[in-house]
Amino acid sequence: MEVIICPDEHQVGRVAAERVVSWVQGLATPVLGLATGSSPLALYGELARRVAAGEADFSHGLGFALDEYVGIDPENPLSYRQTIRRTVVEPLRMEPSRVRVPDGAAPDLAAAAHEYDQAIRAAGGVDVQVLGIGSNGHIGFNEPTSSFGSRTRVKTLTQQTRADNARFFAAGEQVPTHCVTQGLGTIMEARHVVMVVTGSHKADAVAAMVEGPVAAVCPGSILQFHPSVLVVTDEAAAAGLKHADYFRYVADNLI
Ligand code: F6R
């Protein structure tokens with residue numbers, strides 16, 4: 001696993017964007033896997049800057065969001081459908097009809113989740129998967145103890161995740177209890193993964209993911225088995241890494 005530790009969030013965004021652009025270079029139809037949440041905003045902002053400057057073009061790309069809340073109206077601004085539209089589709093000038101989000105309002109959620117998983121494969125798979133990590137180690141909404149072989153499906157959110165995401169909801173508004181999320185097995189099929197992490201509240205999760213044993217209690221640790229993962233953190237999120245000096249040394253001595 002490659003880890004780059006940056007002085008601040010802006011540099012995290014720049015470093016991650018640089019890698020995304022290099023990974024999709026030359027692809028006629030880049031397929032992006034898209035996380036929501038706070039972590040990837042600097043990355044998406046930097047990609048948007050490059051698109052506006054004519055240095056990157058995602059207009060022929062496809063997108064697949066990682067997850068969606070169950071039972072939320074897709075028109076609700078807090079739905080991940082709307083979040084992806086605001087933070088990715090519009091700024092990166094992607095074609096809205098080419099960016100999919102799991103359907104959390106489908107009458108048959110299991111069938112819709114299965115179809116979503118198949119659609120990713122039919123598109124040729126994800127070229128670059130953007131990830132954040134939860135303070136409990138989740139990726140997508142694969143909560144601790146999720147199966148490493150899991151596919152896109154309904155999951156029950158932990159109370160920790162609901163509390164962490166309460167900041168997006170108005171006071172008194174309930175954070176949904178369930179979601180549809182790409183599975184760990186689905187995520188692992190992406191050709192490249194870039195994870196962006198900032199803040200001291202993520203330090204334990206980052207340490208467990210990068211240096212801990214591979215274990216379902218820290219779902220992100222499955223990425224230790226992936227051949228192409230870049231983790232970009234700020235100093236605070238890297239504070240628990242025992243090998244931080246080595247990661248800095250590697251970054252300073254690339255050949
Ligand atoms: C979001 C997602 C989650 C978040 C994670 C971190 O689509 O799948 O895994 O990446 O919960 O969220 P933030 O970035 O808001 O701290």
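## Ligand surroundings

A residue is near the ligand if one of its heavy atoms lies within 4 Å of it. In this predicted model, 14 residues are around the ligand, and Ser-39, Asp-67, His-138, Gly-140 and Lys-202 come nearest of these. The space that the ligand takes is the largest pocket.

Several oxygen–polar atom distances describe how the ligand is held in place in the model's coordinates. For Lys-202, an N or O atom of the side chain is 2.7 Å from an oxygen atom of the ligand. The side chain of Arg-167 likewise has an N or O atom 2.8 Å from a ligand oxygen. From Ser-38 the atom concerned belongs to the backbone: an N or O atom there lies 2.9 Å from an oxygen atom of the ligand. On its own the ligand has 410 Å² of accessible area, and the protein covers 95% of that.

## Aromatic pairs

The structure holds six aromatic pairs. One of them is formed by Phe-64 and Tyr-116: the ring centres are 5.7 Å apart and the planes stand at 80 degrees, so the pair is edge-to-face, the cut-off for that class being over 60 degrees. Phe-64 belongs to strand 3 (residues 62-65) and Tyr-116 to helix 4 (residues 109-122), so this pair ties together parts that are 52 residues apart in sequence.

Are the two residues buried or exposed? Phe-64 has 5% relative accessibility and therefore counts as buried. Tyr-116, at 1%, also counts as buried. The limit for this class is under 20% relative accessible area.

An aromatic cluster is also present; its members are Tyr-69, Tyr-80, Phe-141 and Phe-169.

## Gln-82 in helix 3

Gln-82 is found in helix 3, which spans residues 80-89. Its relative accessibility is 9%, so Gln-82 counts as buried. The side chain of Gln-82 reaches the backbone oxygen of Pro-74, at a distance of 2.9 Å.

## Leu-254 after helix 8

Leu-254 is located in the segment that follows helix 8 (244-252). With a relative accessible area of 59%, Leu-254 is exposed, because exposed means over 50%. Between Leu-254 and Asp-117 the C-alpha to C-alpha distance is 37 Å, and the two residues are 137 residues apart in sequence.

Definitions and conventions:
Residues are numbered from 1 along each chain as its sequence is written. This is a predicted model: local features need pLDDT of at least 70, side-chain atom pairs count only at pLDDT 80 or more; totals for chains, interfaces and linings use all residues. Side-chain values use heavy atoms; hydrogens and water are left out. Rings of Phe, Tyr and Trp (its six-membered ring) pair if their centres lie within 6.5 Å; planes under 30 degrees apart count as stacked, over 60 as edge-to-face and the rest as tilted. Helices (H or I, at least four residues) and strands (E, at least two) are DSSP runs, numbered from the N terminus. Buried means under 20% relative accessible area, exposed over 50%, partly exposed in between (1.4 Å probe, protein chains only). A polar contact is a pair of N or O atoms within 3.5 Å; within protein, one must be able to donate a hydrogen and the other to accept it, and residues adjacent in sequence count only if both atoms are side-chain atoms. Accessible areas come from the Shrake-Rupley method with a 1.4 Å probe; for residues, only the protein chains shown count as cover. On a 1 Å grid over the protein atoms alone, a cavity is a set of points where a 1.4 Å probe fits but cannot get out, and a pocket is an open set with protein on both sides within 12 Å along at least five of seven lines; lining residues have an atom within 4 Å of a point. A molecule sits in a cavity or pocket if more than half of its atoms lie within 2 Å of its grid points.
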